[in-house]
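The following note concerns one helix pair and its surroundings. Please read the points alongside the displayed model.

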Amino acid sequence: MIKVTDLPGTIPVFPLPGALLLPRSRLPLHIFEPRYLQMLDDALKTEGRLVGMVQPNEVAGRGGTGLHTIGCAGRITQFSETEDNRYLITLSGISRFRVVKEVDGFTPYRRCDVIWDGFERDLGKTEEDAVFDRDGFLDLLGRYFEARSLSADWETLKDADDELLINSLSMMLDLDPEDKQALLEAPSLSTRRETLVTLIEFDLRGGEGDMLQ
């Protein structure tokens, strides 16, 4: 099992709006920009093959694009190259991290000094949601899918374990980047599920009223 002490203090980061990676989950990515092709080439040469996914954070009055403080690192576990030199990869979520600072350097992509403290749960066993009302949640999800004209494999959803169900929906649903960040920062599976329910209910109300009070 991976320990915090096994994780590096500096990692490459990929700021991609709306792309959410969670521990023990998988995120497929299609890479084509030259700077990120270089990032993957460099990451594949390292022992951990880690890339940090971070939501950009627009800061009013400042030039450039900032980064949210918390991201999630994934290990490159699948990799293929197309004939026109694009990469198709899968990142397997390892652990969340906290950005300490960006690192100046000569790479065309961004790198950050990070710390992993406070996210030890991410390196442990699959989480369970002890107070999960699955029937009520699936009923709410059904109303959301119907309102959005979405289809789903309901048998698979019913059979999925708590973490797989909640994390997969958090990653796949079409939510705003700030909402994705809130799901990422949830300290436990139960609070992530509560946040997801709040976001779905807010959407079903047509975005009326206060959210995440």
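1. The crossing of α5 and α6 is right-handed, a crossing being right-handed if the near helix is turned clockwise from the far one by less than a right angle, and left-handed if anticlockwise. The contact (heavy atoms within 4.5 Å) is made by Asp-179, Ala-182, Leu-183 and Leu-184 of α5 with Arg-192, Thr-195, Leu-196 and Leu-199 of α6. By class, five of these residues are nonpolar, one is polar and two are charged; Ala, Val, Leu, Ile, Met, Phe, Trp, Tyr, Cys and Pro count as nonpolar, Asp, Glu, Lys and Arg as charged, and the others, Gly among them, as polar.

2. The model is predicted: local features need pLDDT of at least 70 and side-chain atom pairs pLDDT 80 or more, whereas totals for chains, interfaces and linings use all residues. Residues are numbered from 1 along each chain as its sequence is written, and side-chain values use heavy atoms, leaving out hydrogens and water.

3. Helix α6 (a DSSP run of H or I, at least four residues, numbered from the N terminus) covers residues 189-204. Its 16 residues reach 22 Å from first C-alpha to last, close to the 22 Å expected at 1.5 Å a residue, a span taken as 1.5 Å times one less than the number of residues.

4. Buried residues of α6 (under 20% relative accessible area, 1.4 Å probe, protein chains only) include Leu-189, Val-197, Ile-200 and Phe-202. The buried residues of α6 pack against β7 (87-102), α2 (134-148), α4 (162-172) and α5 (177-185).

5. Asp-162 lies in α4 and is buried, at 17% relative accessible area. Among the residues that Asp-162 touches are Arg-134 and Leu-189.

Notes: Helix = DSSP H or I, 4+ residues; strand = E, 2+ residues; numbered from the N terminus. Buried < 20%, exposed > 50% of the residue type's maximum accessible area, 1.4 Å probe, protein only. Lists of a residue's contacts leave out its neighbours within four places in sequence.
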